[in-house]
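Q: Please take a close look at one part of this model, starting from a single side chain and working outward. I want to know what is covered, what is open, and which pieces do the covering.

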Amino acid sequence: MVKISFIIPVYNVEKYLSACLDSLLVQAVTDWEAILVDDGSSDASGEICDRYAAKDGRFQVIHTPNQGAAKAREIAFHKSTGEYISFIDSDDWIAADTLPIVCSWMKKEEPDVIVMKMIDSGKTLETTRNFVYAPGCYDRQRLRREVYPSLLASPHKSVSEIPGGLCGKFIRTALLCDNMQYIDHRLRMGEDQVWLWPVMMQAERVVFCAQGLYFYRHFPEQTTRQYHERIWQMYSRVIAALHEADLAKREATQFDFSAQIDIMQAEFAINSIDNEFFQGAKGIGHAYRTIREIAAKEKVQKVLCRIPMQ
């Protein structure tokens, strides 16, 4: 067993993939493996994966038909052998000193999750996303007091203070395994959240790093937001999964996340309506029908009435 397994879904990123993989090779800590899932790429991404695997046995490559990032991650997860898992998007990369820093935390605190600060990297500017939580290790009592009240959302901020994707974190493998039942391959939106948030609810020790270690490649030229079909149905599945996880883990967490999940549902409703006016949408008639469908949901009406207006 290695200490860390990196899981990297790969799809048509020939321009950026080498930077991602090179960021692993420069790490001073060498006890890792990287499982690359070529998710049916039509460019040279698969060949690049094979080239790295031929040069360094720590890279393993799996070629699959295109099934989406969530399925690619699950395939790689079943092949992994690490005590901890870190997910990286194939157009992103990690800092050169990432593993010495996180391995020091692993040895000192034995956390279930380590959360890195993320750095948005554009063509000319890098911006670090800071936490509201002080750097350090949080046990269950401190999590309940300082993190749980805004883990998923809050009335003052409709999104979590923690990036909601699986990337930018090191997660104990056993904890991910315990929460695989929440994975839903039908999702194309929110697929990370149905796995991550149950993990965060169950984690007994979480480290928040002071350093920005995960670089998220930002494409400012991609300003046109694209229409996603059946987005409301996908969001509804996310909400159902989170309610299920909240109830299942409430005895351990001694915390009720239902109000935060309600706030998420309200945000999802707004996003779903907004989606009807993005490029590629199906026209004003379809937009009106979707808005009526969402507004007619009794649960949505109750949620909107309960959220405090600040």
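A: A residue counts as buried when its relative accessible area is under 20%, and as exposed when that area is over 50%; between the two it is partly exposed. The model is a predicted one.

Start with Lys117. It lies in strand E6. Is Lys117 buried or exposed? Its relative accessible area is 14%, so Lys117 is buried. Which residues does Lys117 touch, once those up to four places away in sequence are set aside? One run of contacts is Thr128, Arg129, Asn130 and Phe131. The others are Cys209, Ala210, Gln211, Gly212, Leu213 and Tyr214. Strand E10 spans residues 205–217.

Now compare the loop before E6. Glu110 sits between helix H4 (98–109) and strand E6 (113–121). Its relative accessible area is 55%, so Glu110 is exposed. The backbone is notable here. Most residues other than glycine have a negative phi. Glu110 has a positive phi of about 50° although it is not a glycine. Gln254 also has a positive phi, near 50°, and is not a glycine either. Gln254 is placed in the loop between H8 and H9. With a relative accessible area of 58%, Gln254 is exposed.

Next, strand E1. All 7 of its 7 residues, 4–10, are buried. In a regular strand the side chains alternate between the two faces of the sheet. Both faces of E1 are covered. One side carries Ile4, Phe6, Ile8 and Val10; the other carries Ser5, Ile7 and Pro9.

Which strands pair with E1? Strand E2 (residues 32–39) runs parallel to E1, and 7 bridges join the two. The bridge partner of Ile8 in E2 is Leu36. From E1 the chain passes through helix H1 (residues 17–25) to reach E2, and this β-α-β crossover is right-handed. Strand E4 (residues 84–87) also pairs with E1 in the parallel sense, over 4 bridges. There Ile7 stands opposite Phe87.

Helix H3 comes next. It covers residues 69–79, and Ala70, Ala72, Arg73, Glu74, Ala76 and Phe77 are buried. An α-helix has 3.6 residues a turn, so residues three or four places apart point the same way. What covers the buried residues of H3? The list includes E1, E2 and E4, together with helix H6 (173–178) and helix H7 (193–202).

Two of those H3 residues also face empty space. Rolling a probe the size of a water molecule over the atoms shows where such space is left. The count is 1 cavity of 30 Å³ or more. The largest cavity has a volume of about 50 Å³. Ala70 and Arg73 help line it, with Leu166, Ile183, Glu191, Asp192 and Trp195. By class, that lining has 4 nonpolar and 3 charged residues, and no polar ones.

Glu191 appears again in the largest pocket. Asp89, Arg188, Met189, Glu191 and Tyr216 are the lining residues nearest the pocket's centre. The volume of the largest pocket is about 1800 Å³. Its lining takes in 49 residues. These divide into 17 nonpolar, 16 polar and 16 charged. E1, H3, strand E10 (205–217), helix H8 (231–253) and helix H9 (258–275) each give at least two residues to that lining.

Trp195 leads on to Asn179. Asn179 is placed in the loop between H6 and H7. How accessible is Asn179? Its relative accessible area is 0%, so Asn179 is buried. Beyond its neighbours within four places in sequence, Asn179 contacts Trp195, Pro198, Val199, Gln202 and Lys249. Val206 is 27 residues from Asn179 in sequence, and their C-alpha atoms are 17 Å apart.

Last, Glu244. This residue lies in helix H8. With a relative accessible area of 47%, Glu244 is partly exposed. Its C-alpha atom is separated by 8.8 Å from that of Tyr182, 62 residues apart along the chain.

Methods. Residues numbered from 1 in each chain as written. Predicted model: local features only at pLDDT ≥ 70, side-chain atom pairs only at ≥ 80, totals over all residues. Heavy atoms only, no water. Buried < 20%, exposed > 50% of the residue type's maximum accessible area, 1.4 Å probe, protein only. Pairing = 2+ DSSP bridges. Right-handed = clockwise from strand over helix to strand, strands pointing away. Contact = heavy atoms within 4.5 Å. 1 Å grid on protein atoms, 1.4 Å probe; cavity = no way out; pocket = protein on both sides within 12 Å on 5 of 7 lines; lining within 4 Å. Points joined across faces, edges and corners; volume = space filled by probe spheres on them. Nonpolar A, V, L, I, M, F, W, Y, C, P; charged D, E, K, R; others polar.
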